Amino acid sequence: MINDYSKRLEQLRRRRTDERIEKSILSESFRKSELGESIKYALESMKEIDPDYTKNTYVASEKVSENIRKGLEKVPIDIEFRNQGSVETNTHIKLHSDIDLLVILKTFETLERPQEPSSPYQGDPLQDLKQLRSETYRVLDSVYDTVDNSNAKAIKVFPTNPKRMVDVVSANWFNSNEYATNGRNELYRGINIYNKDEHSRSRDFPFLHIERVNNKEPMTNGGFKKLVRLLKTLKVDADVKIKLNSFEITCALYDIRNEKLNLPEVNQLLLLPVASEQLNKLIINDAYRHSLKSPNGKESAFPSDTKVIELKKLKREVDDLMTDIKSDLETKYLSINESINY
């Protein structure tokens with residue numbers, strides 16, 4: 001075996017352990033399967049986190065937002081909340097997963113040109129967002145024992161009941177022209193995220209991203225998200241550091257044609273060669289890599305060549321896992337093309 005799967009299965013088990021009841025939340029197959037460890041590692045990594053634990057992640061976010069709301073009412077600062085991140089697309093891989101909580105300032109909205117405001121805002125948007133960030137930190141620091149304000153774009157809060165990490169992001173609405181022409185459908189609405197170190201804003205369209213990732217799921221029989229979870233798992237368990245974030249991994253896989261990802265449940269191991277092929281395409285085809293957009297079509301997934309080496313590292317992880325799976329299967333006179341129940 002190229003990799004130590006006893007070690008990797010233990011790492012996977014720890015990510016899915018409820019410390020409160022000292023129990024790992026894993027599939028029945030994980031305990032019973034007589035398949036080789038590499039096969040068990042691949043198939044268990046593809047499985048979604050138990051919905052009850054994902055539900056508790058939202059509970060943590062709601063509790064944090066309620067504390068912020070109460071604290072900022074006294075200033076007063078008018079805000080509203082949304083969630084974003086991998087929990088929203090069900091591609092998270094930890095039982096106690098992190099969640100992004102957007103704190104959106106309602107004092108003003110940014111309009112994409114040629115839209116014009118009927119009543120132009122007379123305040124200073126950047127200064128308002130700076131105050132929002134500062135007051136949000138003050139409120140959270142007065143409520144929670146552990147609050148980290150060092151990150152430029154997010155305050156990291158660590159509530160203990162339920163135990164989670166919540167990234168609190170200060171932002172304002174960006175009303176795109178698509179938002180205006182689509183009946184003010186929030187899917188097309190963007191946000192400007194405040195960066196406290198640079199005193200600047202960066203644009204994002206998280207709701208359209210979430211919608212398109214979720215819409216791809218039923219067209220691939222779950223194969224798309226299974227592959228995202230597997231590659232995120234390979235990234236965190238790799239012996240070398242792979243500098244690809246969840247967004248980049250999702251972008252890399254989103255462009256795979258649905259029919260390649262739409263496989264029967266008993267053939268999920270065949271997702272591995274699909275991933276390897278896609279990563280290889282991104283590595284060797286500069287024009288394709290440079291042209292690849294995010295699922296919402298708004299951002300370049302890999303605008304520079306600095307990520308090529310990271311894509312190579314991830315492909316190596318996929319290929320090594322395939323090699324080990326084939327070795328495991330050969331001991332049972334099976335191949336990766338055969339039906340495997342897990």
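About 920 Å³ of space lies in the largest pocket, and that is where I will start. A caveat before the rest: this is a predicted model.

The largest pocket has a lining of 32 residues. Nearest its centre are Gly85, Ser86, Asp100, Ser246 and Phe247. If you want to know which elements give two or more residues to that lining, they are β4, residues 99-111, α7, residues 206-216, α8, and α9, residues 246-254. By class, the lining splits into 12 nonpolar, 12 polar and eight charged residues.

Next, the second largest pocket. Its volume is about 370 Å³. Here 15 residues form the lining, and Glu109, Thr110, Leu111, Pro117 and Tyr121 are the ones nearest the centre. Which element gives the most to this lining? It is β4, with six residues. So much for the source of the lining; by class, the second largest pocket is lined by six nonpolar, four polar and five charged residues. Note that β4 has now come up twice, since β4 is also among the elements giving two or more residues to the lining of the largest pocket.

Now the helix packing. I have three pairs, and α8 is a good place to begin, having already appeared in the lining of the largest pocket.

The first pair is α3, residues 37-46, with α8, residues 223-237. Their axes come within 7 Å and cross at roughly 120°. That angle makes α3 oblique to α8. The crossing of these two helices is right-handed. On the α3 side, the residues in contact are Tyr41, Ala42, Ser45 and Met46; on the α8 side they are Lys226, Arg229, Leu230, Thr233, Leu234 and Asp237. Sorted by class, this contact of α3 with α8 has five nonpolar, two polar and three charged residues.

The second pair is α8 with α13. The axes of α8 and α13 come within 10 Å, with a crossing angle of roughly 105°. That makes α8 roughly perpendicular to α13. From α8, Leu230, Leu231, Leu234 and Lys235 meet Leu314, Glu317, Val318 and Leu321 of α13. The class count for α8 with α13 is six nonpolar, no polar and two charged residues. Leu230 and Leu234 of α8 are on the list for α13, and they are on the list for α3 as well.

The third pair is α11, residues 271-284, with α13, residues 308-330. Here the axes come within 9 Å and cross at roughly 155°. How are the two helices oriented to each other? At that angle, α11 and α13 are roughly antiparallel. The crossing is left-handed. In α11, the contact is made by Leu272, Pro273, Ala275, Ser276, Leu279, Asn280, Leu282 and Ile283. In α13, the partners include Val308, Leu311, Lys312, Leu314, Lys315 and Val318, and further along Asp319, Leu321, Met322 and Ile325. By class, that contact of α11 with α13 has 13 nonpolar, two polar and three charged residues. Leu314, Val318 and Leu321 of α13, listed here against α11, are also listed against α8.

Last, some backbone details, for anyone setting up a calculation.

Where are the cis peptide bonds I want to mention? One runs from Val75 to Pro76, with omega near -5°. Pro76 is in the loop between α4, residues 51-73, and β3, residues 79-84. Another cis peptide bond runs from Arg113 to Pro114, and its omega is near 15°. Pro114 belongs to the loop between β4 and α5, residues 125-143.

Then there is His199. His199 has a positive phi, about 50°, although it is not a glycine. It lies in the loop between β8, residues 190-195, and β9, residues 200-204.

To go back over the pockets: the largest is about 920 Å³, and the second largest is about 370 Å³. As for the helices, α8 is oblique to α3 and roughly perpendicular to α13, while α11 and α13 are roughly antiparallel. That is what I have.

Conventions
Residues are numbered from 1 along each chain as its sequence is written. This is a predicted model: local features need pLDDT of at least 70, side-chain atom pairs count only at pLDDT 80 or more; totals for chains, interfaces and linings use all residues. Side-chain values use heavy atoms; hydrogens and water are left out. Axes are lines fitted to C-alpha atoms, for helices over the stretch in contact, and angles run from 0 to 180 degrees between N-to-C directions. Helices (H or I, at least four residues) and strands (E, at least two) are DSSP runs, numbered from the N terminus. Angles under 35 degrees count as roughly parallel, over 145 as roughly antiparallel, 65 to 115 as roughly perpendicular and the rest as oblique. A crossing is left-handed if the near helix is turned anticlockwise from the far one by less than a right angle, and right-handed if clockwise. Contact means heavy atoms within 4.5 Å. Ala, Val, Leu, Ile, Met, Phe, Trp, Tyr, Cys and Pro count as nonpolar, Asp, Glu, Lys and Arg as charged, and the others, Gly among them, as polar. On a 1 Å grid over the protein atoms alone, a cavity is a set of points where a 1.4 Å probe fits but cannot get out, and a pocket is an open set with protein on both sides within 12 Å along at least five of seven lines; lining residues have an atom within 4 Å of a point. Grid points are joined across faces, edges and corners, and a volume is the space filled by probe spheres set on the points.
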